[in-house]
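Please read the following walk through the strands, the sheet and the charged side chains alongside the structure.

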Amino acid sequence: MCEECYVDEKRITPLRNPLDCLKNHTQYICGTCGRCICIERDPKRGLQRWNFPFQSLSIAKLYLRTADYTMKKACGIYEIKNNKGRISYKIFADKHDLQIYLDKNKDKTCSQMAPVFSVDEYKEFDHTQVRKLTSDEIIKYMSER
């Protein structure tokens, strides 16, 4: 597992429409393995990809580093269940943010009230970059997928 971005597959992201994402969105470029993770902030709502629910823990884990980097702290992935039994995974900066979410979403629960995955502490890495990729970088990245 990459100590910076928490995954084994260094070219797994972006998952959906990778070429479009790499061309048009700001990327967190892992300084350790070079994986690109979308960190684009929606200008209207101020949300980033990590603010949305994920279908699985493994997908949420792909975006956790962008939450950590944005919040400058070790965030966590929490298992959320709705009143129909559907499970999703959401990243929160801390337990307080989870509680605010649950208070606003009465149809959702978190039985553990603790992250199912997080790292011990937030670390900065020297070679990390946050920027849009060049055309050549996009071609190279896509060829390595």
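Which side chain of opposite charge is nearest to Glu 4, and how far away is it? In this predicted model, the nearest such side chain is that of Arg 65, 4.5 Å away. Glu 4 is buried and has no salt bridge. The cut-off for a salt bridge is 4 Å between a side-chain nitrogen of Lys or Arg and a carboxyl oxygen of Asp or Glu, so Glu 4 and Arg 65, at 4.5 Å, do not form one.

Glu 4 lies in the segment before α1, a helix that spans residues 18-24. Its side chain has polar partners: the backbone nitrogen of Gly 31 is reached at 3.0 Å, and the side chain of Thr 32 is joined to that of Glu 4 by a polar contact of 2.8 Å. Beyond its neighbours within four places in sequence, Glu 4 is in contact with several residues, among them Tyr 28, Cys 30, Phe 125 and Thr 128.

Side chains of opposite charge can pair when their charged atoms come close. In this model the count of salt bridges comes to six. One of them joins the side chains of Glu 144 and Arg 11, with N and O 2.8 Å apart. This pair links distant parts of the chain, since Glu 144 is in the segment after α4 (135-143) and Arg 11 is in the segment before α1, 133 residues apart. Arg 11 is buried, at a relative accessible area of 16%, whereas Glu 144 is partly exposed at 34%.

Glu 144 also forms a salt bridge with Lys 140, where the closest N and O atoms are 2.5 Å apart. Lys 140 is partly exposed, with 49% relative accessibility. Arg 11, Lys 140 and Glu 144 are thus linked in a network of salt bridges. Another salt bridge joins the side chains of Asp 107 and Lys 108, at 3.5 Å from N to O. Both residues are partly exposed, Asp 107 at 32% relative accessibility and Lys 108 at 22%.

The strands come next. An open sheet of three strands is arranged in the order β2-β1-β7, with antiparallel pairing. Because β2 (36-38) and β7 (129-131) stand at the edges with a single partner strand each, one side of each has no neighbour in the sheet. Neighbouring strands here are turned by 25 degrees against each other on average, direction ignored. β1 (residues 27-29) pairs with β7 over three bridges, and Gln 27 has Arg 131 in β7 as its bridge partner. Helix α2 (residues 57-71) packs on this sheet and touches β1, β2 and β7, its direction making about 70 degrees with that of β2.

Strand β3 (residues 76-82) pairs with other strands. Five of its seven residues are buried, so β3 is largely enclosed by the rest of the structure. Six bridges join β3 to the antiparallel strand β4 (residues 87-92), and Gly 76 has Phe 92 in β4 as its bridge partner. These two strands form a hairpin with four residues between them, and Gly 85 in the turn has a positive phi of about 90 degrees.

β3 also pairs in the antiparallel sense with β6 (residues 117-118), over two bridges, where Ile 77 is partnered by Phe 117. With β5 (residues 108-109), β3 again pairs in the antiparallel sense over two bridges, and the partner of Lys 81 in β5 is Thr 109.

How values were computed
Residues numbered from 1 in each chain as written. Predicted model: local features only at pLDDT ≥ 70, side-chain atom pairs only at ≥ 80, totals over all residues. Heavy atoms only, no water. Buried < 20%, exposed > 50% of the residue type's maximum accessible area, 1.4 Å probe, protein only. Lys, Arg positive; Asp, Glu negative; His and termini not counted. Polar contact = N/O pair within 3.5 Å; in protein donor to acceptor, adjacent residues only side chain to side chain. Contact = heavy atoms within 4.5 Å. Pairing = 2+ DSSP bridges. Axes fitted to C-alpha atoms, helices over the stretch in contact; angles between N-to-C directions.
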